[in-house]
Amino acid sequence: MTTTSLRRGTAITLALSPVARYVLRRLLLGVAMLFVVSVVVFFFTQALPGDVARQVLGQTATDDQVARLREQLGLDRGVVAQYLDWIGGLVTFDLGTSLTSGTPVADLVGTRVANSATIVVLTAVILIPLAVALGVAAARSPGGVVDGVVSGSVLLILALPEFIIAILVVVLLATNVWRLFAPTSILDPAVPAWEQPDLLVLPVLALVIGSLPYFTESIRTTMTDELTSEHVTWARLCGVAERRILWRHALPNAVGPGLQVAGTTLIYLTGGIVAVENVFAFPGVGSALTAAVANRDIPVVQAIAMLLATVALVVYLVADVLGILLTPRLRTALT
Amino acid sequence: MSAVATQLVRRPSVVAGTLMTAATLFVAFAGPALAGSPDEFVGAPFQGPGGDAPLGTDVMGRSVLARLLAGGRDFLLQGILAAALGVGAGVLLGVALASASRRVADLVLSLNDTVIVLPQIVIALLVLTRLGATPLTLVLVVGIVHVPQSARVVRAATQRVVTQDYYDSARTLGASRRRLFTGEVLPNIAGVVLLELSIRLAISVVVLASLSYLGFGSTDTQWGRMIHENQGGLTIQPWAVLAPVICTGVFLIGVNLLRGGTVRALAVR
Amino acid sequence: MSEASGIAISGLRIHATDDRREVLHGVDLTVGPGEFVGIAGETGSGKTTLGLSALGFARPGLSVTAGSVAVGDHQLIGAGREELRRLRGDVVGYVPQDPATALNPGLRVGAGLREVLRAHGIGDRDEQRRRIAAAFGAVGLPHDDAFLRRYPNQLSGGQQQRVSIATAFVLRPAVVVLDEPTTGLDAATKAAVVRLVHDLSRSAGASVLFISHDLRLLMETADRLIVVYRGAIVDDGPTARVAAEPRHEYTRTLLAAVPAPVGAALARHWPGPSPGDAATGPVLAVDALTARHAGVAVTSDVGFTVDAGECVALVGESGSGKTTIARTVAGLHTSYDGTVRLDGEVLARSVSRRNLTQLRALQYVFQNPFGSLNPRRTAGRSVALAAELVLGMSRPEAADAAAAALERVGLSTRHLRSQPHALSGGERQRVALARALICRPRILICDEVTSSLDLSVQAEIVQLLTGLQSDGLTMLFITHDLPLVSTIAQRTLVLRDGAVVEAGPTPDVLATPQHEYTRRLLTVTG
Amino acid sequence: MRAPHPRRARRRASAARAALAAALTLVLAAACGGGSDSTGPTGQESSSGTAAAEGGTLRVGVPSLSTSDSLDPAAATTTGGYVIARQLFDTLVEYGTGGQVAMRLAESMEPDPADASSWTVVLRDAVWHDGTPVTADDVVATVQRWFSEQLPPASSLPFIDPARVTVVDEKTVHFQLGYPTMTFPDALTSPTTAIVPASFDPATPIGSGPFKLGAMEPGTRVTFTANDDYFVEDEPYVDTLEVISFPDSTSEANALIGGQIDVASAIDPTLIPIVESGGDGFDVFEYATTGTLTWQMNVEQEPFDDPRVRQALRLAVDRDQIVEQVYAGHASVGNDVFGPTDPAYDDTLAQREQDLDKARALLAEAGYPDGVDVELTAAPIQPTATRQNEVLVQQAAEAGFRITFNEVDSATYYGDAYGTYPLSLSFWGFLSIFDQAAFTIVDNAPYNATHWQDDEYNALYQQAVRTVDDAERTELVHQMQAIEYDRGAYVVAVFLNSITAHSTTVTGFEAYPNSDGPVGYNFSSLRFDG
C-alpha cells in the first residue's frame, strides 16, 4: 500500500514540469505568508484605540446604545473568535461588512480598487517602456547627453517625495501656471475610471515622474553591466553590429533583473499611491485606507491590507517566474 | 584606504555631494542656535518675503526662515536615526542569517519575505494611530520598515565574506565568533552597509515627509511639518513650502551624490 | 576568406587613457600565413593587449596612439567603425580566455554561432546550418538540433571552449588570436584543445597568435615563441632557438621556472616544527574518509598517513576531491564519515571545536592568494594576528614576530604596512605562508598554492617550500601538477573521482606509474 | 462682470485635455489588448458653467464625506449625513437667514400661551417625493420612530413624550411635553429631526426635501435630482446637484479653480488668497457663525477644579491674535459665552482681553506661583484646530501654563478617554444658546466634557426654558451667561466664519449664521446666473 501511494506521489511530481513545481511551491509558501500577514494585520487593527460603535453613533450615543451596536457588530466576542470568523470569511472570499456603512466591504472597496489599479497599470504601461528606453540610451553612451540628463534628473527626483511632485504638477499644469488638466481626480463613480482619462492625467504623471528615476537607474546599471560584459565584447570582436548587440545580445539578458525591478517598482507604487491620491482627492485604495483607519472601519482596513499583501505576493511571484522563464541559466537550472 | 580617499577627492560629484550634505547638516544643526524664535508671530499668514521675515511668513504668520533654521535638526536626526536603526538591525539579522544553519536561515528568510510583503503603509498608519506620531514612534516605524530589505543586502554581503578564504583562515587560527564578526565580516561589509545606510537615509527622509503630509508627523517644529502645514499656501507663499523642500532636497541630492561617487571610487579599486 | 595573408603589426603604441601611462612601447611583429606563434609573458605584461590589437581593439581605458596593424590589405588601426566590424570575425578571429563568461548566457549555442554568420552576411538558413555543422564537427562537437539548442551553462568547460573556438574559426579568418584559451581546463582537455587549434590552423591556413603564461605548453605547440615583458617584445624566434638561447634575462627566468628544479634550501634558520609529543606514529592519519557535499559523496574511503618531516602529495584533476580532503583535515569541511587523527588523537570535525594546540599544529595555505588575505588588514597585521590568536602573543610581540616572519619568506619590512591589493600574487602567497609558518605548525597543508601564480613566481614559491621541507617541515601538498611533486614530495597519492588510484614513493609513482590514469596524467602534462 | 480671460483659458484647456484623453485612451486600449472602443471623455464638459438661469448641474465640494454617512436623517452623525438630510428632507422649522427660527415644513408652531407645556404644529401643503401628501400621521410616526428605535433625537429631546404626540387633523399635530420648554422649536431645527414618511425605509430614502436621491458612492460623492414638486417656489433652481468630497480645502480650492466644481463650500481662511488668485471668475461668500472651537477645562481634575485657574487661562488667551494669525482675520473674537447671533445673547458683557499679570496673579492665588503643567488633548477636527492649539500653548506659556499638546486622531479623541482629558478642544456648531446649554452645560448635558455643574445656572436654565415672554426670558439668559462668564469652564475664544468660494456664475448664496454648515447646506437656493 505504501508503495502504491509512493508511486502515485512520484507520478504526480513527475507529471508537473519543474517550473510548475516551482510555482506550486511558491504558491504554497505564499499562502503560508498570507496567513502570517493576516495574523499580524488582524492584531495590529485590534490594537487601534477608539471605538467604531461610538464613531458610528456619534457623541450623543449612550453607553447602552454603544454596547448594543457592539454586540450587533460582533465586537463583544473574544479576539480569537473574531479572528477565526474573519479568516474563515477570507478563505471563502468574503471580506466582511463595513462597520460604518453596513455594506459589504467588497462593494465598498471594489470601485476604489479598480480606480487605483487603473492608475497603477497606466503608470506601469507608460513607465516601463520609458524607463527602459532612457536606461538603455544612458547605458549606450556613458557620460553622454542622455546619461547626464538621466543621472541629473534621477538625483533631483529621488530627492523629492511624490506628494511634492504631485503638488508641483498641480500648480504647474492645473491651477496657477497653466490650466491644462483637471487639478483633482473627482471620478464619476458611475463611469469606469478609464473612461475619464482627463482626470487620470495628473496622478499618472506624478506617479510616473516619481517612480521613473529608480527604475531608469536600475535599467541603466543592468544594461551597463551587460554592455561591458565579456560576451558583448566578444560579440563585438566577432563583428556583430552594435544595434544587434544591443537588442539581441544585451537586452534579453537584462530582462530578468529588469522584471525584478519592475516588480519592486509596482509594489512601491501601490504603497506610495496613498499620499498622491490625497493630493488629487483621488477616490482610490489609498484614500479609502486613510479614511477607514480614521473611522476605525476595521474590516475595510483589513481587506485593503490583505489586498496589498496579495498583490505584492503575486507581483513578486510573477516577476520571479517570468524572470526564471526568461533567463535560460535559471530555467535550465530548475530542470 | 588612502587610495580610496584620493579617488574620492578627485571626483567632483563627491566634492559637490560633501558640500551639499555638510551645508544642510550645518543649517540643520547650527540652525536652532542661530534662529530667532520659530513661534513668534511676525506678520499676517502667508506674506511674501520682506521685513522681519526674509523668507516670508507661514500659515500662522511666523517667520519661515526662523522655522527653517529651527526645524532641520530634529527632522534630519529622525531620518538618520531611523536609517541607523533599520540598517543596524538589518546588519545583526543579516549576519546572523548568513551564519545560521540552512534550515533556520530558510525559515527566517521566509519570515523576512513575509515582512517585505506586509503592506508597510498600513502597518505604519495603524502603529502611528495607536501610539501617536512622536519622534520616537516615527523613528521606530520608519526604521523597522528598512530591516527586512537591509537584512537581505547584508546577508548577501556577509555570505560573500564567509565564503572567502581569509574568513576560513581566521577560523583555522581559532578566532572566536565575536572576533570573526568584528575582524573579518564587519570591515568587509562596511562598504555595503554604508551604501545601504545612505539609501535608507534618503528613503527615511522621504517617508517622514510623506507621513507628515498625511498628518502623521511630529507636532514639533520640523521641516516635514512645515511642508504639511503650509502646503495649502504653496501658490500664494511658495517659500513656506519650498524652503524646507529645497533643504531636504539638497541634503538628499548631497547624500545621493556622495553615494554614487563612493560606489564608483570603490569600483575603480 | 582571402588568400593567406598573415598579420603585420608595426610601431604599435598603446596608452592608458586616464594617466597616459604607456602600456605597449612601439611593438613590431610580423606573422606569416599559417604560422603558429606563442606569446608568453606574465600577468600585466601586455600580451593580451598586444593580442587584441590584432583585431584593432583596445580594452576600455586603453587607446592606440601610434602604429599600424595590417592583415593582408586591411588596415585595422584607423579603420572605420563599419569596416572594422566587417573585418572582425571574418579576417581576424578571436578566442577569449574564459568561455564561461564570453558565451552569451541567453543565446543557445547554435544561435550564438548563427549570430556571427549573420553579422557577416550569411543569412540563408540552410547555409548557416551547413556552416555550423562543419564548424562544430571540426572541433569535435555534436551538431544535432538537441545540442544546438543547448545554452552555454549546459555545456562542460571543454565543450564551451570548443564552441568558442568553432566560432572563431567558422569564417576561416586569416588570423586567429587565442587569449589563454586553456586556463581553467584540466590537463587532458587542455591538451585536446591545443591539438585542436593546431589542426584547425593547419587545415585553414590561418596564422595563430596563441597567448599563454604556460611556457611549457607553448614550447610544445608553437613554431615561434614571443616573450612579452613590460609592454615590449623581449624575445622572438623559433621556439627551439628561444628555448636554447634565450636573449633576455626574463626569458631565462621563465625557462628556469619551467621544469621547476629542486631549488637550493632557502631559509635555513626556520624555527622548525614545534616540539610535539614524541609520538612514534604518524603525525597525521586520515582513515576511511568519505566526504560529502550536499549529501553527495565526493571522496570514497580515502586513507593515508603523513609522518613527521615528510611531505605527502595529493594529486588529481579538478573535481577529484583533493581540496575537500585538505579542508576536512583542516576542519573546514565537516560533512564526512571516517576519522582524521593528529598524533593518534581523533580531531573534532569543526575547526571551532578544536583546541589551540591542534589549531596551531595544522596550518592551511589557500589556493588563491587574492582571497586568503583580509583586504581590510595590512600584511603585517594579518600575520601578527595569527601569532596573537594561536600563540597568545601580545600585540607588540606579535608585530615583531610578524616582521621577522615576513623577512623569512623573502619580503621586506616595507610590506608590513601594505594592503593586500597593493601586493602581487606572489607576494600575497608569501604573506599567507608567513601567516601559517609564524604559528610553527606541525603540518602545513598547501592547497594548490602555486596554481594561480605566474610561472616564474610559481618557481619561487616552490623553491621556498622545498627549502622549508628540507628543514624538516611536515607537509600535505595538494596539486594538480604531477611533475611538480617530484621536487617536493616524498610520497604521492593519485586521486581520481574521490578515490585513491595509486599511492607510493614519489619517484616510483612518477617513474613507473601502475595505473592507467596516472600514466595519462603524466603524458598530457609531461 | 465676467472677464473673457478665464473663458479663453478654459477652452484652451479643454482642447489640450481632449488631445491627452485621446492619447491616454490609446495607451489604455493597447494595455487592455486593443478591443476597447470606449469613447474617451464623458459628460464632464457638458455640465460646466454655460447653463441657463434655471437648470444645470451644480457641483458642490464639501470637506470629507464618509462611509458612515447615513441616509436616515435621525441617525446622521457626520457632515455628509447632515448634507444628505438637508437635501432629501425637511425639518419642521429651521434657523433662517436672520438667525431667527423660521418655518419650514411647519406652517406654524405655537406654544401653549401659558407655560409652553404643549405645542401645536400645523403643516404646510407638501408632498413626499412619491407624490403622496405630507400628513400629521407622518410627523407622529417620525417622532415615535425616534423613541422606539432609540435614535439620537430621542436623547436630545428629553421633553418630548412620544405617547402624547397626537394627530389633531390631517395637517395638525399636538405635542404634550414632559415638561414645559421654549426650546421646543430650537430643538427641532436640527437636521436629525427631519420629518420622514410613516413608511420610511432608510434604504430608499423618500423625503419632502428639495432634492431626490440620485446615486450615492459612500465617502466620495452623492448625486441628487431636483424635486419638481418642492413647496418653495422656484426651488431648487438646478436640475442636478452633485456633492463631492475632498480630503482638504486645498484640493477643494484647486478643483474650483480648475473648473471641476462650482462651489467649494468650506475653505480654510488662509486659503482665500488662493481663490482670489484664481482670477475674476471666482468669489468668496463669507459670514460670521455661531460655530466655535472651544477649549474645555475639566473641573474634576487639577488644576481646573479651581475657578481661579480657569479664569487665569481665559485671561491668558489673546483672542485678537488668534483671529489674526490662525484665521487671517476671517473670524470674530469670543467672550467665553456661546450664541452671539441669538437674540438673547448678552453683548453688554465686557470683552475679555489678554491680561497676563492678572492671570499669573490668579494662578499664584490658586497655589501655582511657579506655573502649572497641563496636558492638552485634541484632534484635528477642523482645519484650524491644530493651529489654534499651538497658539494657545504659546500664549498660555506666558501666563505660567506649561501646556503639553497631545494631538490624537478624532476616533481616539472621541473614544473611551473622552471626558477625562484635563484640557481639550471641541467644535460646537449649535444653533442657539439653549441648544448649546442643553448639550454642553446643564445637568445631564450629553457632551459636557468640562463636567462643570452650577446649581444656580441650572436653575436659571430651567426657569428660562419655561418662560414664554421674550423679554423676561432674555433677562434670565443674561444671568446665565454672566455665570458662565465668571466661573464657567469653556474658553470661547473665537467664532468662525463660514467661507464658501464659488464660481461667479453661481448666485443665490444666503447666510445661515446659526447653522451647522456652510450656507446651512441649503443648496436649493443656488442657481446659475446668466
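Accessible area here comes from the Shrake-Rupley method with a 1.4 Å probe. Keep that in mind for the first stop, and remember throughout that this is a predicted model.

**Stop 1: chain D on its own**

Select chain D and show its surface. Chain D exposes about 19,100 Å², and carbon and sulfur atoms supply 49% of that. Now switch to cartoon: you should find 15 helices and 21 strands in chain D. Of its 530 residues, 61% are buried. Contacts in chain D reach a long way along the sequence, too: taking those between residues at least 6 apart, 71% join residues at least 24 apart.

**Stop 2: colour by confidence**

Colour chain D by pLDDT. The average is 85, and 89% of the residues score at least 70. Next, select residues 1–22 of chain D, where pLDDT stays under 50 and the model has 20 contacts beyond four places in sequence. Do likewise for residues 24–52 of chain D: pLDDT stays under 50 there as well, with 38 contacts beyond four places in sequence. For the complex, the predictor gives an ipTM of 0.79 and a pTM of 0.81.

**Stop 3: who touches whom**

Bring back every chain. Which chains share the most contacts? Of the five pairs in contact, it's chains A and D. Chains C and D, on the other hand, do not touch, and their nearest C-alpha atoms are 27 Å apart.

**Stop 4: the A–D interface**

Select the contact residues on both sides: 51 from chain A and 52 from chain D. About 4,400 Å² is buried between these two chains, with carbon and sulfur atoms giving 60% of it. How many salt bridges are there between chain A and chain D? The count is one. To see it, show the side chains of A:Arg296 and D:Asp409, which meet at 2.7 Å, N to O.

Stay at this interface and pick D:Asn254, which is found in helix α6 (residues 249–257) of chain D. Is D:Asn254 buried or exposed? D:Asn254 counts as buried because its relative accessible area is 12%, below the 20% cut-off. Show what surrounds D:Asn254 and you'll see that it touches A:Val170, A:Thr175, A:Pro183 and A:Thr184, leaving aside residues up to four places away in sequence.

**Stop 5: into the core**

Now pick A:Phe280. Beyond residues up to four places away in sequence, A:Phe280 touches A:Ala166, A:Val170, A:Pro183, A:Thr184, A:Ser185, A:Leu202, A:Pro203 and A:Ala206. So which residues have the most contacts inside the largest nonpolar core? They are A:Phe163 and A:Phe280, and the core has 113 residues. To see where the largest share comes from, select helix α13 (residues 298–326) of chain A, which gives 12 residues to this core. Apart from it lies another core, of 82 residues, including C:Val31, C:Ala54, C:Leu55 and C:Val91.

**Stop 6: the A–B interface**

Last stop: hide chains C and D and look at A with B. Here 39 residues of chain A are in contact with 31 residues of chain B. The two chains bury about 3,100 Å² between them, 84% of it on carbon and sulfur atoms. Highlight A:Met33, A:Leu155 and A:Phe163: together they supply 17% of the area that chain A buries against chain B, more than any other three residues. Don't go hunting for salt bridges between chain A and chain B, as the count is zero.

Note on methods
Residues are numbered from 1 along each chain as its sequence is written. Chains are lettered from A and ligands numbered from 1 in the order in which they are written. This is a predicted model: local features need pLDDT of at least 70, side-chain atom pairs count only at pLDDT 80 or more; totals for chains, interfaces and linings use all residues. Side-chain values use heavy atoms; hydrogens and water are left out. Contact means heavy atoms within 4.5 Å. Helices (H or I, at least four residues) and strands (E, at least two) are DSSP runs, numbered from the N terminus. Buried means under 20% relative accessible area, exposed over 50%, partly exposed in between (1.4 Å probe, protein chains only). pLDDT is the predictor's confidence in each residue, from 0 to 100. A nonpolar core is a set of buried Ala, Val, Leu, Ile, Met, Phe, Trp, Tyr and Cys residues joined through side-chain atoms within 4.5 Å. Buried area is the accessible area (1.4 Å probe) that two parts lose on being put together, summed over both. A salt bridge is a side-chain nitrogen of Lys or Arg within 4 Å of a carboxyl oxygen of Asp or Glu.
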